[in-house]
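Please walk through the structure shown here, moving from single residues to salt bridges and then to the interface between chains.

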Amino acid sequence: MDPVERTIRTVLLVGIAVSVGLMAVGLVLGVARGEALPRAMVPISALPAALARLEPAAYVSLGLIVLVATPFVRVVGSLVAFAFERDRTYVLITTIVLVVMCLSVLLGRA
Amino acid sequence: MGVLIGILLVAFLAGVFGSMLGVGGGVIMVPMLTLAFGVPIKTAVATSIVCVIATSSMAQTSFVSRGMTNVRLGMLLEVATTIGAVAGGVTAVLVDGRVLQVCFAAVLLYVVWQMNRRRGDGEPLRTGVLEAGYYDPASGEEVRYGVRRTRLGFVLCLGAGNVSGLLGVGGGAFKVPIMNLLMGAPLKATIATSNLMIGVTAATSAAIFYGRGYMDPHWVVPAALGILAGARLGPRLAVRLPARVLSVTFQVVLGVFAVLMVLKAIGAPL
């Protein structure tokens, strides 16, 4: 594996592990409190407080946020790895991908 | 409890096929969720998008460590697919959705016909463009290849991104034939690379769906867990099976996908 491939693999493995871990915590908390799976995500602004209260929905939501964020982090990781390899073309290409990703999230919100 | 186990099983199978073929499993998840479990369509699409991300991430850990993913090719084409996905909203306003669906179905059937005619990969091309190599355990050979028609492939990926933006699928069904049939990359490298690419498009859509409140943990959590398990198995199958078997499976899945799209276009309750 070259450095770019190794970076991608590490980011993805960590992302999956953290995400599954958080969802598992949420499920265990849910069973402990005798609650079923929540029917809606906890909004990001309300997350810290809900996490502190050990609400199952908060841990499940954070787990899913981590899962969804992993490809973004993967692209950032590739960008850094290409920069270390001094591959200017691919630093540029990866930056464009990242910018368009962020742009479409912003446009989708509007 | 029965529903939970049902979702886990369906997601597991979608994970196996989605990662084995590089299409992400949305093709299987959306109709199954709406038809078999009565999930509302937007919730089903949101669930399926999370599943595509999970498939992509999990499968990639395996493909990338085997050197099957052509990271540079994937990143280059991601420029096109992400821009295409952003433009998806514009296309949706300009063209009637049902006309689009029928057109897509026609393209898919054309792809099936082309893949069927070719009967697996030919000799790998040595073009020197975006060259990469991997070890194929099925044939016991080291395969080195380059790609051709990069510009045309890039332009068509704009279209593939557009489709995924419109239909809420990862677009792998189009990316695989573009890289394999048009650009000449071997099928296994194509499947691995498509797997990497679909995660990016799906993550963008998922962020939007999350913001709009379409994600229901009741469906998403078991689906994501099932798909993660399935996507651990799929790449192993993809690596070991002969390219011919993968190609035929791909044709069947694409054929079913095309038929479902036509049914949807003519107003069948999917």
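In this predicted model, Ala189(B) touches Met68(B), Tyr134(B) and Tyr145(B), once its neighbours within four places in sequence are left aside. Ala189(B) belongs to helix α8 of chain B, which spans residues 187-211. With a relative accessibility of 1%, Ala189(B) counts as buried, because the cut-off for that class is under 20%. One of its contact partners, Tyr134(B), stands 55 residues away in sequence, yet the two C-alpha atoms are 8.0 Å apart in space.

The residue that precedes Ala189(B) in the numbering takes part in a salt bridge. Lys188(B) pairs with Asp136(B), and their closest N and O atoms are 2.9 Å apart. This pair links distant parts of the chain, since Asp136(B) sits in strand β1 of chain B and Lys188(B) in helix α8 of chain B, 52 residues apart. Are the two partners buried or exposed? Asp136(B) has a relative accessible area of 10% and is therefore buried; Lys188(B), at 3% relative accessibility, also counts as buried.

A further buried residue of chain B is Ser247(B), in helix α10, residues 243-265. Its relative accessible area is 3%, so Ser247(B) is classed as buried. Apart from its neighbours within four places in sequence, Ser247(B) is in contact with Met115(B) and Leu187(B).

Backbone geometry is the next topic. Most residues other than glycine have a negative phi. Leu130(B) is not a glycine, yet its phi is positive, at about 45°. Leu130(B) is placed in the loop between α5 and β1 (132-136) of chain B, and its relative accessible area of 18% makes it buried. In chain A, Arg86(A) likewise has a positive phi, near 55°, in a residue other than glycine. The position of Arg86(A) is the loop between α3 and α4 of chain A. At a relative accessible area of 73%, Arg86(A) is exposed, because that class begins over 50%.

Salt bridges can now be considered over the whole structure. Side chains of opposite charge can pair when their charged atoms come close. How many salt bridges does a search over all chains find? The search returns nine. Within chain A, Arg33(A) forms a salt bridge with Glu35(A), with 4.0 Å between the closest N and O atoms. Both partners are partly exposed: Arg33(A) has a relative accessibility of 41% and Glu35(A) one of 40%.

Arg39(A) offers a case that crosses from one chain to the other. Arg39(A) forms a salt bridge with Asp216(B), and the closest N and O atoms are 2.8 Å apart. Arg39(A) lies in the loop between α1 and α2 (47-52) of chain A, while Asp216(B) lies in the loop between α8 and α9 of chain B, so this pair joins two chains. Asp216(B) counts as buried, at 9% relative accessibility. Glu85(A), Asp87(A) and Arg72(B) are linked in a network of salt bridges.

The interface as a whole comes next. Between chain A and chain B, 47 residues of chain A are in contact with 45 residues of chain B. The two chains bury about 3,800 Å² between them, and 76% of this area is on carbon and sulfur atoms. Four salt bridges are counted between chain A and chain B. Arg74(A) forms a salt bridge with Glu78(B), for which the closest N and O atoms are 3.1 Å apart. The rule also finds nine residue pairs in polar contact across this interface, with both residues at pLDDT 80 or more. On the side of chain A that touches chain B, the elements that give two or more residues are α1 (3-33), α3 (56-84) and α4 (88-109) of chain A. The largest share of this side, 13 residues, comes from α3(A). By residue class, the side of chain A that touches chain B divides into 33 nonpolar, six polar and eight charged residues.

Confidence remains to be described. The model scores ipTM 0.93 and pTM 0.91. Chain B has a mean pLDDT of 86, and 94% of its residues reach 70 or more. Within chain B, confidence is lowest in helix α5 (residues 97-118), at a mean of 80, and highest in helix α9 (residues 217-240), at 93. Where pLDDT is low, the predicted coordinates should not be read in detail.

How values were computed: Residues are numbered from 1 along each chain as its sequence is written. Chains are lettered from A and ligands numbered from 1 in the order in which they are written. Side-chain values use heavy atoms; hydrogens and water are left out. Contact means heavy atoms within 4.5 Å. Buried area is the accessible area (1.4 Å probe) that two parts lose on being put together, summed over both. A salt bridge is a side-chain nitrogen of Lys or Arg within 4 Å of a carboxyl oxygen of Asp or Glu. A polar contact is a pair of N or O atoms within 3.5 Å; within protein, one must be able to donate a hydrogen and the other to accept it, and residues adjacent in sequence count only if both atoms are side-chain atoms. Helices (H or I, at least four residues) and strands (E, at least two) are DSSP runs, numbered from the N terminus. Ala, Val, Leu, Ile, Met, Phe, Trp, Tyr, Cys and Pro count as nonpolar, Asp, Glu, Lys and Arg as charged, and the others, Gly among them, as polar. Buried means under 20% relative accessible area, exposed over 50%, partly exposed in between (1.4 Å probe, protein chains only). pLDDT is the predictor's confidence in each residue, from 0 to 100.
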